[in-house]
Amino acid sequence: MSEDQQSLKAEVRQACLCQRTSLGEKERKRKSGIIQQKLMDLQEFKLAQTVMLFLNFREEVETTAMAEATLACKKKLVLPRCAPNSILLPIEVHDLIQDIEPGTYGIREPKLTLGVVEPSEIDLIIVPGSGFDLQGNRLGYGGGYYDRFFMLLNPLTPRIALGFECQVIPQVPVGKHDALMTMLITENGVYNFNS
Ligand SMILES: Nc1nc2c(c(=O)[nH]1)N(C=O)[C@@H](CNc1ccc(C(=O)N[C@@H](CCC(=O)O)C(=O)O)cc1)CN2
Ligand SMILES: Nc1ncnc2c1ncn2[C@@H]1O[C@H](COP(=O)(O)OP(=O)(O)OP(=O)(O)O)[C@@H](O)[C@H]1O
């Protein structure tokens, strides 16, 4: 990726994150509940046996209740753990208290003593982001973790991004490694980019 493109991404990221911060905690919680309901109503969620989620940090869409609901539905819950060289390890979690510890960047991550899941086994992946557009592009935090990880998945596995409507911008700057999302869920609706 060129330096120009990297600095453009950094600039757009800051703008999107600034919008997200300005929501305030109460609004974020309320909107997160709406987003959770929309996710759980989707066929893609209902049919998935193995779901990779993320645990929110900073001002992201709150996902702890989604993770609890996934376990309560008797699905296999997979969470990411950051490893060196921008590698994301998919780890199966059974208990959201015992199996979790503060990891890289202060994100709540699964303990390494738990089993790593074969990426091809994942039926649905739920993805965080700093900004999104309605063409299915996603802007991350600049780590390149998810873009590398998507290459290991079954190409048919739905990739569903979660974000607040204020993080949606006309056009996210895209690089050659950036994968399109299948859907984006915000408090305003479910955007489907599949067709
Ligand atoms: N909840 C959650 N978990 C996740 C992600 C995520 O976006 N959300 N990730 C999605 O990829 C991975 C972690 N990626 C991260 C990448 C960078 C930074 C970070 O703090 N970056 C510095 C800037 C570093 C630099 O300038 O080089 C910063 O923002 O201050 C944090 C997380 C894996 N787990
Ligand atoms: N599949 C890949 N193979 C090699 N390099 C990659 C790959 N995906 C991304 N990168 C590199 O990683 C760096 C960060 O990428 P980018 O800015 O797109 O991350 P991001 O999507 O914001 O982060 P994340 O996926 O962690 O949320 C860039 O230098 C990019 O070229």
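## Briefing on a predicted protein model with two ligands

The shell of residues around ligand 1 is made up of twelve nonpolar residues, four polar residues and one charged residue. That shell belongs to a predicted model, in which the protein chain contains five helices and eleven strands. With a radius of gyration of 16 Å, close to the 16 Å that the globule rule gives for 195 residues, the protein chain is as compact as a globular protein of that length. The points below take up the overall build, the sheet, one buried residue, the two ligand shells and two loop residues.

**Overall build**

- Measured out along its principal axes, the C-alpha trace of the protein chain spans about 40 × 35 × 35 Å.
- Of the 195 residues in the protein chain, 34% count as buried.
- When contacts between residues at least 6 apart in sequence are considered, 67% of them in the protein chain join residues that are at least 24 apart.

**The seven-stranded sheet**

- Seven strands form an open sheet with mixed pairing, and their order across the sheet is β3-β2-β1-β6-β9-β10-β11.
- The edges of this sheet are held by β3 and β11 (189-192), and because each has a single partner strand, one side of each is left without a neighbour in the sheet.
- Neighbouring strands in the sheet are turned against each other by 25° on average, with direction ignored.
- Helix α2, which covers residues 25-41, packs on the sheet and touches β9, β10 and β11, and the direction of this helix makes about 140° with that of β10.

**Strand pairs within the sheet**

- Strand β9 (residues 159-162) and strand β10 (residues 183-186) pair in the parallel sense over three bridges, and within this pair Ile160 has Met183 in β10 as its bridge partner.
- Strands β10 and β11 run antiparallel and are joined by four bridges, and they form a hairpin that has two residues between the strands.
- Across that hairpin, Ile185 has Val190 in β11 as its bridge partner.
- Strands β2 and β3 also make a pair, running in the antiparallel sense over seven bridges, and here Leu77 stands opposite Val93 in β3.
- The hairpin formed by β2 and β3 has three residues between its strands, and Asn85 in the turn has a positive phi of about 65°.

**A buried residue in β6**

- Ile126 is part of strand β6, which runs over residues 124-127, and this residue counts as buried because 25 C-beta neighbours lie inside 10 Å, where the cut-off for a buried residue is 20 or more.
- Leaving aside residues up to four places away in sequence, Ile126 touches Val51, Met52, Leu53, Phe54, Ile160 and Leu162.
- Although Ile126 and Thr63 are 63 residues apart along the chain, their C-alpha atoms are separated by 9.8 Å.

**Surroundings of the two ligands**

- Ligand 1 has 17 residues around it, of which Tyr105, Pro128, Tyr141, Gly143 and Tyr145 come nearest, and the elements that give two or more residues to this shell are β2 and α5.
- Ligand 2 is surrounded by 16 residues, and the closest of these are Gly140, Gly143, Gly144, Asp147 and His177.
- Helix α5 (residues 145-150) supplies four residues to the shell around ligand 2, which is the largest share.
- Sorted by class, the shell around ligand 2 holds six nonpolar, six polar and four charged residues.
- Gly143 appears both among the residues that come nearest to ligand 1 and among those closest to ligand 2.

**Two loop residues with positive phi**

- Most residues other than glycine have a negative phi, and the two residues described next are therefore worth locating in the loops that hold them.
- Lys74, which is not a glycine, has a positive phi of about 65°, and its place is in the loop between α4 (64-72) and β2 (76-83).
- Lys74 counts as exposed because 7 C-beta neighbours lie inside 10 Å, and the cut-off for an exposed residue is 12 or fewer.
- Asn85, likewise a residue other than glycine, has a positive phi near 65°, and this residue lies in the loop between β2 and β3 (87-93).
- Asn85 is exposed as well, since 6 other C-beta atoms are found within 10 Å.

How values were computed
Residues numbered from 1 in each chain as written. Chains lettered and ligands numbered in written order. Predicted model: local features only at pLDDT ≥ 70, side-chain atom pairs only at ≥ 80, totals over all residues. Near = placed C-beta within 6 Å. Nonpolar A, V, L, I, M, F, W, Y, C, P; charged D, E, K, R; others polar. Rg over C-alpha atoms; globule rule 2.2 N^0.38 Å. Contact = placed C-beta atoms within 7 Å. Pairing = 2+ DSSP bridges. Axes fitted to C-alpha atoms, helices over the stretch in contact; angles between N-to-C directions.
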